[in-house]
Amino acid sequence: MRLTVLGGSAAGPNAGMGCSGYLVETGSSRFVLDLGPGTLPELRRHADFRTLDAIVVSHMHVDHVLDLLALRHALAYNPVPPPRPTPVWLPPGGAELLIRAAAPFDTCDEPDTFSRTVAIAEYDPLRPLPIRDAIVTFAPAVHNVPAWAIRIEAGGRALGYTGDTGPAAALAPFFLGVRLLVAEATLLDPGGNNPDRGSLTAEEAGALAAAAEAEILVLSHLWQERGYEASRIQAAASFRGRLELARPGLAVEW
Ligand SMILES: [Zn+2]
């Protein structure tokens with residue numbers, strides 16, 4: 001299994017780094033988790049973006065989906081057309097949101113321009129989603145919109161991705177035994193006692209990885225202004241394994 005970070009910025013792109021996006025490659029599958037703004041150019045550096053097996057979206061926040069709009073144009077007007085539409089798996093309710101977001105631009109294009117290039121569908125978070133040899137499962141996150149944490153199994157290996165979540169989601173059992181966890185670490189300070197807050201501190205991200213017995217933690221959803229190293233230092237207080245900061249092109253294979 002191989003993970004390549006396409007971007008790891010929170011909410012809006014940091015200097016030189018797009019928002020959430022992760023390329024996952026297993027024995028026979030190649031797909032992307034989230035496609036936030038600024039991640040499509042990085043994706044093109046690592047894979048033929050026209051032939052992905054799927055794109056799976058954790059939740060419908062702009063920093064996790066915006067490059068889906070760019071992707072449609074990149075596929076529709078590419079001089080080497082894609083062989084088939086790219087399956088895009090959205091959370092429940094996501095299709096309507098995406099169609100509404102894209103509607104102002106669609107009037108400029110032929111009616112079938114985008115149905116030829118992307119196949120929009122919604123996953124059922126209660127059911128495993130197979131993508132070739134990979135099995136994708138979901139667990140509810142705690143965020144200010146419906147959001148899903150994601151686990152991927154393939155060939156006896158496992159990867160976890162928190163998406164965006166607060167600590168109340170208590171995701172350690174869901175991620176138990178993953179080798180690598182991509183965990184959001186938006187905060188350094190919890191900012192008071194709000195049990196339903198929708199983001200983790202770096203310390204909480206580290207504690208989650210430790211509780212899940214992950215060996216590698218990739219801290220993501222980071223603010224440049226908070227200082228990347230500050231996130232690393234804080235997470236290291238609760239996680240003793242290999243610790244990486246998300247950055248475009250960071251690849252981990254196991
Ligand atoms: Zn979010």
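This passage walks through the sheets, the nonpolar core and a few individual residues of a predicted model.

A good place to start is the open sheet, which is built from seven strands in the order E6-E5-E4-E3-E2-E1-E14, with mixed pairing. Strand E6 (118–122) and strand E14 (251–253) stand at its edges; each has a single partner strand, so one side of each is left without a neighbour in the sheet. Averaged over the sheet and with direction ignored, neighbouring strands are turned by 20° against each other. As background, strands of a sheet pair through backbone hydrogen bonds, and the pairing may be parallel or antiparallel. Both arrangements can be followed here at the two edges.

At the E14 edge, strand E1 (residues 2–7) runs antiparallel to E14, and three bridges join the two. Within this pairing, Thr4 stands opposite Ala251 in E14. At the other edge, E5 and E6 run parallel and are joined by five bridges. Here Trp89 has Ala121 of E6 as its bridge partner. Helix H4 (residues 94–106) packs on the sheet, where it touches strand E5 (86–90) and E6, and its direction makes about 140° with that of E6. Taken together, E5, H4 and E6 make a right-handed β-α-β unit.

The loop between H4 and E6 contains Thr113. This residue counts as partly exposed because it has 15 C-beta neighbours inside 10 Å, a number that falls short of the 20 required for a buried residue. Thr113 is also a convenient marker of how the chain folds back: Thr113 and Leu75 are 38 residues apart in sequence, yet their C-alpha atoms are 9.3 Å apart in space.

A second right-handed β-α-β unit is made by E12, H7 and E13. Its strands, E12 and E13 (residues 242–245), run parallel and are joined by four bridges. In this pair, Val218 stands opposite Glu244 in E13.

Turning to the interior, nonpolar side chains tend to be buried together in soluble globular proteins. In this model the largest nonpolar core has 71 residues, and those touching the most other members are Tyr22, Leu181, Ala183, Ala205, Leu217 and Leu219. Strand E9 (residues 148–154) gives the most to this core, contributing five residues. The surroundings of Ala183 show how such a position is knit into the fold. With neighbours within four places in sequence left aside, Ala183 is in contact with Thr162, Leu200, Ala205, Leu208, Ala209, Leu217, Leu219 and Ser220. Among these contacts, Ala205, Leu217 and Leu219 also belong to the group that touches the most other core members.

Two residues deserve a closer look for their backbone geometry. Most residues other than glycine have a negative phi. Asp34, by contrast, has a positive phi, near 65°, without being a glycine. Asp34 lies in strand E3 (residues 30–35), and it is buried because 27 other C-beta atoms are within 10 Å, where 20 or more suffice. His221 likewise is not a glycine and has a positive phi, of about 60°. Unlike the strand position of Asp34, that of His221 is in a loop, between strand E12 (216–220) and helix H7 (228–236). His221 is buried too, because 29 other C-beta atoms lie within 10 Å.

Notes
Residues numbered from 1 in each chain as written. Predicted model: local features only at pLDDT ≥ 70, side-chain atom pairs only at ≥ 80, totals over all residues. Core = buried A, V, L, I, M, F, W, Y, C linked by C-beta atoms within 7 Å. Buried ≥ 20, exposed ≤ 12 C-beta atoms within 10 Å, placed from the backbone. Contact = placed C-beta atoms within 7 Å. Pairing = 2+ DSSP bridges. Axes fitted to C-alpha atoms, helices over the stretch in contact; angles between N-to-C directions. Right-handed = clockwise from strand over helix to strand, strands pointing away.
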